[in-house]
Structure formats: structure tokens, C-alpha cells
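Visitor: Could you take me through a close look at one part of this protein? Pick a single residue to start from, and then show me what else is worth a look.

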Amino acid sequence: MKLKRRTVEIAVSAVLALTVSVSVASCAMSPMEETKAMDLKTAKGIALAMEDEAAALVPVENAGEQTQFETAPLLGCGDGLYSWSGRSSVALVGGADAEAILESIAVMWEQMPGVVVERQDERVDMTGSQGDFYSAGVWESGTMLKIDSFSPCFPLEDGQHPSDEY
């Protein structure tokens with residue numbers, strides 16, 4: 001799916017609003033209650049918005065073709081919970097400074113409450129407080145930014161099966 005800059009701006013606003021809503025709602029819930037209150041649609045929305053937010057940090061002059069997985073099967077989180085996994089890719093063009101892009105992603109993630117950010121060679125990882133995980137890395141000789149997401153954990157609803165694509 002081709003991402004447009006305006007769509008990314010809207011997604012960034014949505015993830016910030018969603019983060020505030022989840023944070024406010026979670027004040028009254030324990031982490032386990034919070035996870036059980038999560039559903040597939042919300043969890044997937046959070047993961048996609050996090051991908052969009054990280055992709056938006058690539059300077060416009062360095063952002064080439066952008067793609068995003070729209071569906072994927074679910075992965076187990078343990079205790080009967082599941083996670084949606086996705087990936088966004090951004091071709092880096094025009095002499096993009098991959099190190100600076102990863103640093104800006106790390107700084108953005110570090111501003112989020114309750115997360116752990118770890119810098120690796122050519123990638124940065126973020127573990128969230130609800131079983132979610134994100135990784136942004138530069139691959140293909142510095143020409144491709146790949147952002148992997150594993151949504152917050154959630155229970156399946158009636159009729160949902162982990163091997164189906166969502």
C-alpha cells in the first residue's frame with residue numbers, strides 16, 4: 001500500500017490519540033485486565049500506526065516507495081493471547097542518513113511511557129508494556145528501512161482463528 005504523507009500525518013495523530021485513550025483507560029486497570037480488554041482491531045490499529053509514525057520520520061527527500069503489509073496471521077503471546085504482526089518498508093533514496101533516521105526513531109520511541117528501547121547495529125528495538133514489540137532496521141546496503149511490528153496481546157473473539165489472515 002502506497003503511503004501518502006497526509007495519511008501518515010493522520011495516522012500519527014491517531015496513534016497519539018489512541019495512546020492517550022488507552023493510557024487514561026488503563027489507569028483503572030491492571031496490565032492483565034488491560035490486555036484482556038484489547039481486541040484484534042485495536043491491537044492491529046496500534047501496530048499499523050506505530051509503523052506509520054516511524055516511517056514518517058524519514059525525510060521527504062529520502063523517502064522512496066513505501067509499502068505496508070495489510071494482513072497477516074496471528075502469533076501466540078502465551079496465556080491464550082495473540083499478537084498481529086506486520087511490516088512497513090521505505091526505500092531510502094538521495095543519500096539518506098540511515099543512522100540519523102534510526103536515531104530519530106529511537107528518540108521518538110523513548111518518549112513513550114512504559115517502553116524499553118534497545119539500540120543495535122543498524123536497527124533499534126522497542127518493547128511495549130502490553131506485549132507489543134517493534135523493530136526498525138536499515139537493510140539492503142542502506143537502501144531500505146524495514147519496520148516490523150508485533151501488536152499488543154489480545155484474546156481472540158468468537159469466530160476468530162489464529163491461522164486466518166487479519
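Guide: Let's fix one term before zooming in: a residue counts as buried when its relative accessible area is under 20%, as exposed when that value is over 50%, and as partly exposed in between. Keep in mind throughout that this is a predicted model.

Our starting point is Gln 68, which sits in strand S1, a stretch covering residues 63–68. Its relative accessible area is 8%, so Gln 68 is buried. Now look at what its side chain does there. On one hand, there's a polar contact of 2.9 Å between the side chains of Gln 68 and Asp 52. On the other, the side chain of Gln 68 also makes a polar contact with the side chain of Ser 88, this time at 3.1 Å. So the buried Gln 68 has polar side-chain partners in both Asp 52 and Ser 88.

Next, try Ser 85, which is in strand S3, residues 81–92. With a relative accessible area of 16%, Ser 85 falls under the 20% cut-off, so it counts as buried too. If you skip its neighbours within four places in sequence, Ser 85 is in contact with Ala 72, Pro 73 and Leu 75, and also with Ser 149 and Phe 150.

Two of those contacts, Ser 149 and Phe 150, bring us to strand S7, which spans residues 144–150. S7 pairs with S6 in the antiparallel sense, over seven bridges. Within that pairing, Val 138 stands opposite Leu 145 of S7. The hairpin made by S6 and S7 has four residues between the strands, and Glu 140 takes a positive phi near 55° there.

S6 itself (residues 133–139) has five of its seven residues buried, so the strand is largely enclosed by the rest of the structure. Its other pairing to look at is with strand S5, residues 123–127: the two run antiparallel and are joined by five bridges. If you want a residue pair to pick out, Arg 123 has Gly 137 in S6 as its bridge partner. S5 and S6 form a hairpin as well, with five residues between them, and Gly 131 in the turn has a positive phi of about 85°.

Last stop, the disulfide. A search of the whole structure turns up one: Cys 77 with Cys 153, their sulfur atoms 2.2 Å apart. This pair ties together distant parts of the chain, since Cys 77 belongs to strand S2 (residues 74–78), while Cys 153 lies in the loop between S7 and strand S8 (154–155), 76 residues away. The torsion about the S-S bond is about -90°, so the disulfide is left-handed. The two ends differ in exposure: Cys 77, at 32% relative accessibility, counts as partly exposed, whereas Cys 153 is buried at 8%.

Zooming out for context, the protein has four helices and eight strands, and their order from the N terminus is α-α-α-β-β-β-α-β-β-β-β-β. Of its 166 residues, 41% are buried. As for contacts with a separation of 6 or more, 61% involve residues 24 or more positions apart. The accessible surface comes to about 8,600 Å², and carbon and sulfur atoms account for 55% of that.

Notes:
Residues are numbered from 1 along each chain as its sequence is written. This is a predicted model: local features need pLDDT of at least 70, side-chain atom pairs count only at pLDDT 80 or more; totals for chains, interfaces and linings use all residues. Side-chain values use heavy atoms; hydrogens and water are left out. Buried means under 20% relative accessible area, exposed over 50%, partly exposed in between (1.4 Å probe, protein chains only). A polar contact is a pair of N or O atoms within 3.5 Å; within protein, one must be able to donate a hydrogen and the other to accept it, and residues adjacent in sequence count only if both atoms are side-chain atoms. Contact means heavy atoms within 4.5 Å. Accessible areas come from the Shrake-Rupley method with a 1.4 Å probe; for residues, only the protein chains shown count as cover. Two strands pair if DSSP finds at least two bridges between them. A disulfide is a pair of cysteine sulfur atoms within 2.5 Å.
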